[in-house]
Structure formats: C-alpha cells, structure tokens
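Here's a quick briefing to read with the model open beside you. We'll start with the overall fold, then go strand by strand, and finish with the interior space.

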Amino acid sequence: MPFRVELPQTFSDRVTGLGDGEYLAGMWVCSGSPVAAEIAAASGMQWVLIDAEHSPIGLETTTSLLRAMNGYPATPVVRVPVNDRVLIKQYLDLGAQNLLVPMVDTKSDAEAAVAAVHYQPRGVRGVGSALARASRWNAVDGYLGRAEELVSLTVQIESATAVDNAAEIAAVDGIDQIFVGPSDLAASMGLLGQQTHPDVTDAVARTLEAVKAAGKPVGVNAFDPEQARKYLEAGASFVLVGADVGLMMNGARAWADTWVQD
C-alpha cells in the first residue's frame with residue numbers, strides 16, 4: 001500500500017516561527033558538490049543557500065544537492081539565476097520549495113516573481129508537477145491545491161533603487177521574506193567591494209527598518225561577524241555568515257601558511 005509523503009516545512013514556516021530575539025544562521029553552497037552540501041546541512045547551520053546565480057550550478061546539480069541535504073534539519077533555499085518565469089517553473093518542479101529571486105528592484109519585479117511561483121488564477125506557473133519531483137511524482141496528496149503553502153518566496157534587494165523601493169516591494173502579497181545583498185548594493189552605490197562602508201550599512205539598516213514596518217521578515221548576507229551581529233540586533237531574522245568555498249580556501253591557506261616553507 002502506498003505510504004503518505006509529506007514535504008518538509010518551508011523556509012517561511014521556520015522564519016515566522018521564530019520567537020523574540022531568535023534568528024536563523026546559514027551558509028552558502030557555491031561549489032556544486034553534493035558532499036559539501038551534505039556537510040553544510042549536517043553542520044548545525046539552520047539553513048543553506050544553494051547559489052545558482054553566481055556558481056556553476058544548474059538544474060540537475062541543484063536536484064542532486066537537494067537530495068544530498070534531504071533528511072537533515074537545515075532548510076535548503078535555492079537562489080535562482082534570474083527572475084524568469086520559465087526558470088522559476090523548472091526550479092520549482094525539480095523540488096526546490098524555497099526560492100530566492102535576485103535583483104528585485106521594483107514592485108513590478110516582485111509581482112512578477114510572485115506570479116511565477118503560483119498556479120493560475122493567481123500566477124502563471126505551468127502545471128507539470130505530476131511528472132516532477134516537486135510533488136514527488138504525485139506521491140504528495142493534493143499537491144496542486146496545496147502548492148501555495150508548500151512554496152516559500154524570498155526576493156533580494158541589492159541596489160540603491162531597490163532600497164528606495166523596499167517598502168513597496170515588501171508590501172507585495174506573496175512575498176514571504178526579503179533578503180538584503182550588501183555586495184551588489186555597495187557596487188550600485190559606487191562602493192564596489194566595500195560592504196561595510198558606513199553608507200552601505202546605513203542603506204541596509206534603512207531597508208531592514210522599511211521591511212519590518214511592512215510586516216515582513218528580513219535577512220541579510222554578512223560574512224563580517226561584527227557586522228552580522230549588528231544587523232541581527234537591528235532586527236534581521238536570518239543571516240548568511242559563510243560559504244563552503246570560502247571556508248575551504250581559508251582553511252587551506254591557513255594550513256599552507258603553517259606547513260609550506262618559504
């Protein structure tokens with residue numbers, strides 16, 4: 001007799017379930033390695049971001065990374081390459097429940113992302129889940145009718161324009177969370193590579209305030225520990241504090257510094 005298949009709770013479920021002063025700490029997976037993804041998921045980090053925007057990670061690789069992380073308590077989130085309805089449909093159908101859409105600068109960008117993750121009449125997502133991992137090939141009871149509660153959408157604010165529009169973006173129905181990217185934000189402000197410049201951190205702080213005022217959870221990328229703590233104190237609900245490739249390179253360089261002769 002077939003057994004009942006239930007999908008894990010979404011990233012939105014975890015974020016909205018946080019108590020006062022609580023937050024979710026996470027890390028990136030950029031290498032495309034299922035081993036690295038599984039280690040990240042088993043490390044104790046609460047969420048892991050699979051980066052399909054700036055890494056050589058495509059649809060098939062994303063599927064293998066999600067499978068490697070399955071069964072661990074960390075919640076996987078997939079950053080898609082672009083705000084595109086066809087790509088978003090494919091990432092959803094391969095079983096990515098939690099999507100992060102980059103470069104959302106305006107209310108209309110946010111509305112397009114919302115439409116891409118929902119079936120008609122609310123959105124434009126094509127219907128193919130019965131043949132896909134999203135519904136575990138129809139093993140998830142009533143997937144089509146429940147898809148809205150099984151998918152979480154986060155959009156990324158990472159430009160000066162997006163900061164100015166943060167309140168409008170956050171107010172869009174269907175946007176579950178906002179994630180702030182200080183790297184591209186700094187670049188858009190003429191401060192390339194200066195993520196902790198006072199003007200950049202002030203813009204991030206203003207975004208956190210605007211999003212929270214709109215009633216939506218907000219997170220931020222911050223590899224600098226001191227700055228990450230400041231953002232958490234300012235009300236961020238989730239944060240990324242490292243990456244698989246960065247940890248490996250830093251560890252390897254430190255080991256080389258210890259053992260390699262001049």
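**The barrel and what's inside it**

Eight strands close up into a barrel, running in the order β1-β2-β3-β4-β5-β6-β7-β8, and the pairing is parallel. Going from one strand to the next, the twist averages 25°. Keep in mind that this is a predicted model.

**Strand β5 and its neighbours**

- β5 covers residues 152-157, and six of its six residues are buried, so the strand is largely enclosed by the rest of the structure.
- In a regular strand, side chains alternate between the two faces of the sheet.
- Both faces of β5 are covered: one side has Ser152, Thr154 and Gln156, the other has Leu153, Val155 and Ile157, and all of these are buried.
- On one edge, β5 is joined in parallel to strand β4 (residues 98-101) by four bridges.
- Within that β4-β5 pairing, Leu99 sits opposite Leu153 of β5.
- β5 also runs parallel to β6, again with four bridges joining the two.
- Here Thr154 stands opposite Gln177 of β6, while Ile157 has Val180 of β6 as its bridge partner.

**Strand β7 and its neighbours**

- β7 spans residues 218-221 and is covered on both faces, with Val218 and Val220 buried on one side and Gly219 and Asn221 buried on the other.
- β6 (residues 177-180) pairs with β7 in the parallel sense over three bridges.
- Gly219 is a handy residue to find in the viewer: in β7, Gly219 is the bridge partner of Phe179, and in β8 the bridge partner of Gly219 is Phe238.
- β7 and β8 (residues 238-243) also pair in the parallel sense, over three bridges.
- To get from β7 to β8, the chain passes through helix α11 (residues 225-233), and this β-α-β crossover is right-handed.

**The cavity**

- How many cavities of 30 Å³ or more does the structure hold? There is one.
- The largest cavity contains about 50 Å³ of space.
- Its lining includes Leu7 as well as Leu92, Gly95, Ala96 and Gln97.
- Also among the lining residues of the largest cavity are Ala134, Arg136, Tyr143, Leu150 and Val151.
- Sorted by class, the lining of the largest cavity comes to seven nonpolar, two polar and one charged residues.

Methods:
Residues are numbered from 1 along each chain as its sequence is written. This is a predicted model: local features need pLDDT of at least 70, side-chain atom pairs count only at pLDDT 80 or more; totals for chains, interfaces and linings use all residues. Side-chain values use heavy atoms; hydrogens and water are left out. Buried means under 20% relative accessible area, exposed over 50%, partly exposed in between (1.4 Å probe, protein chains only). Two strands pair if DSSP finds at least two bridges between them. A crossover is right-handed if, with the strands pointing away from the viewer, the path from the first strand over the helix to the second runs clockwise. Axes are lines fitted to C-alpha atoms, for helices over the stretch in contact, and angles run from 0 to 180 degrees between N-to-C directions. On a 1 Å grid over the protein atoms alone, a cavity is a set of points where a 1.4 Å probe fits but cannot get out, and a pocket is an open set with protein on both sides within 12 Å along at least five of seven lines; lining residues have an atom within 4 Å of a point. Grid points are joined across faces, edges and corners, and a volume is the space filled by probe spheres set on the points. Ala, Val, Leu, Ile, Met, Phe, Trp, Tyr, Cys and Pro count as nonpolar, Asp, Glu, Lys and Arg as charged, and the others, Gly among them, as polar.
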